[in-house]
Amino acid sequence: MSAGELALPPMMTVEDLANRLGLRPAGVIQALIKSGIFATMNQVIDYDTAAIVAADLGYEVSEAVAPAVAEEQAEAEVEDGEVSEEEAANLVSRPPVVTVMGHVDHGKTSLLDRIRQTRVASGEAGGITQHIGAYQVEVTVDGEPRKITFLDTPGHEAFTAMRARGAQATDIAILVVAADDGVMPQTREAIDHARAAKVPIVVALNKIDRPDVNLDRVKQQLADQSVLIEDYGGDVPLVPVSARTGEGIEDLLSTVAIMAEVAELKANPNRPAVGLVVEARLDKARGPVATVLVQRGTLNVSDVVVVGNQTGKLRALFNDQGKRIKSADPATPVEILGLSGVPQAGDRLAAVADEKTARQQVALSQRQSQREAGHGAGEVSLEDIFNQIQAGAIRDLNLILKADVQGSIEPLATSLERLEEEGLRVKVIRSGTGNVTESDVQLASASKAIIIAFNVKTEPGAHSASDIQGVDIRQYNVIYNVVDDVRKALVGMLGPRFREVIHGHAEIRQVFAVRKGGAAAGCYVTDGQITRNSQVRVLRNAQSLWQGRIGTLRRVKDDVREVATGYECGILLDGFSDFAEGDVIEAFGQEQF
């Protein structure tokens, strides 16, 4: 017999559920224990758990309508360019948010230091009391003061790590290029990351005070990377600067301010705050401290906030000069105190009504994260592509292409970009030579891209990052197989996935001549194991010389099936004998996953 229909919220405490059921909390706790759940009176439980208890006690439970999780709601509000009429009426101009990127040693830090020391918002030279990872400067354009907010991130990898978490925080990217060095590998990576984020670029051509600079050469190198500066008929501003002397800094800041004015950047300050964690730490004296960039609304002292999986009532706000402030407007960096724990860089901040709401939002967020983790949420693999095409979720298949030599990249990229099925286009967002790196994985995660590794390996750090972030790395050594797999993915006919697994390594310590000609390798197994049926490659200075199979594997005078770590062995290879002491034989195989 039913005790009546009951409406339950998505999240509630055990005490709340007891009140709704007209029972004492102890009765609900006892019912939870019977279901194998141990909870206290103040513990938050989700709708599913509460519904089971209520049903056991004879109630019919109506379906809950879950409110948006604070972090997801904040993300949607920041990313969505469409606003309501009421919201549009409250929009006001805000400062641009700028990230500085470029190759190591090209002067990013020096440029930021020069800007910060000479143009802080207070106008006080040398008046900085602390460094909080983000700050504002003032510049005068047409006689009017304008503010610019700088995110002092370590570079394009941190920039993209935030994007991978759904945090599109940057309006403009300053690409620092040294006039004497020109475009370097990390410069190209920074260009790829800014382009993938669809962030406009302004080039700061640094070190122009040096005697051996060739500006035209650098401009041409940029053009080769499809960065067309205004002198070459493009739309990318280029400003010559010297971080050492300060030359050109005024022009650079004015250029950024004008770009921001053209972009008409606006936000609504008359609403609860939404922001982004730039960095966070645990201070022994003050507790959890986070640097937050306010993106919409106004953040006030005493606001109750949800920041990732942390909550808190804000005890204090500090600006980039270490001064206490009562509130922070959109595009303002601020240091906050009062959180329950240390959040992660890239976490969303959202101001909510009260502490109870904050706890419920965090509990719901954690529950959803656990469910998503169980279903591999966020992963992008070739197997997922066809389903997403059918659902209309994607139109471009983004690929990152890494190959052993430059000569392999052009035919691969050309062949792949010619593919088009069901309205889906293939787009190579980065290509280059060398092994797959963590930077490649970060870009793939942020851009929902698949990595194609052609005749190259995946570095250990990249392998771990790909597993954590759900990035699909596909390894090939035949161009046709790459094109065929991508084509099959586009029409939903892709076969099983395989990945390379390293079985072990053996160092060659002596080379022996053999009777039939050629040579055998006297080896010591340094890790893993070498098996008779393994595929192997010969590495010299970490570069692959040859790949094939073992012909003979011996321990002393006996043929063996495998040799474990710490043992010596003799190896003959089928088709290769040009060994040298110090070479490494790497055993590997393929496994389906």
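Start by selecting the six strands of one sheet: 6 strands form an open sheet in the order β7-β8-β6-β9-β10-β11, with mixed pairing. Two strands count as paired if DSSP finds at least two bridges between them; helices (H or I, at least four residues) and strands (E, at least two) are DSSP runs, numbered from the N terminus. Color β7 (134-141) and β11 (238-240) to see the edges, since each of these strands pairs on one side only. From one strand to the next, the twist averages 30°.

Before you go on, know that this is a predicted model, where local features need pLDDT of at least 70, side-chain atom pairs count only at pLDDT 80 or more, and totals for chains, interfaces and linings use all residues. Residues are numbered from 1 along each chain as its sequence is written, and side-chain values use heavy atoms, with hydrogens and water left out.

**Inside the sheet and across it**

Pick β9 (residues 172-178) and β10 (residues 201-206): they pair in the parallel sense over 6 bridges. Val-177 stands opposite Leu-205 in β10.

Now add the helices. Helix α9 (residues 215-224) lies across β9, β10 and β11, at about 135° to β9. Helix α10 (residues 249-263) lies across β6 (97-102), β7, β8 (144-151), β9, β10 and β11, and runs at about 90° to β7. For these angles, axes are lines fitted to C-alpha atoms, for helices over the stretch in contact (heavy atoms within 4.5 Å), and angles run from 0 to 180 degrees between N-to-C directions.

**Ring pairs**

Show the aromatic side chains next. A search of the whole structure finds 3 aromatic pairs. Rings of Phe, Tyr and Trp (its six-membered ring) pair if their centres lie within 6.5 Å; planes under 30 degrees apart count as stacked, over 60 as edge-to-face and the rest as tilted. Zoom in on Tyr-135 and Phe-150: their ring centres are 5.8 Å apart and their planes are at 20°, so this pair is stacked. Tyr-135 lies in strand β7 and Phe-150 in strand β8, so the pair ties together parts 15 residues apart in sequence.

Are these two buried or exposed? Tyr-135, at 2% relative accessibility, counts as buried, and Phe-150 is buried too, at 0%. Buried means under 20% relative accessible area, exposed over 50%, partly exposed in between (1.4 Å probe, protein chains only).

Jump to Trp-546 and Phe-576, with ring centres 5.6 Å apart and planes at 25°, so they are stacked. Trp-546 is in strand β30 (residues 543-555) and Phe-576 in the loop between β33 (568-573) and β34 (584-592), 30 residues apart. Both Trp-546 and Phe-576 are buried. Add Phe-579 to your selection: ring pairs link Trp-546, Phe-576 and Phe-579 into a cluster.

**Arginines to visit**

Which arginine lies over the face of Phe-318? Select Arg-286, at 5.4 Å from the ring centre. Then try Arg-537, whose charged end sits over the ring of Phe-588, 4.0 Å from its centre. A charge sits over a ring if NZ of Lys or CZ of Arg is within 6 Å of the ring centre and within 35 degrees of the ring normal.

Last stop: Arg-532, in the loop between β28 (519-531) and β29 (535-540). At 36% relative accessibility, Arg-532 counts as partly exposed. Arg-532 and Leu-553 are 21 residues apart in sequence but 6.1 Å apart in space, C-alpha to C-alpha. Leaving out residues up to four places away in sequence, Arg-532 touches Ile-550, Gly-551, Thr-552, Leu-553, Val-560 and Arg-561.
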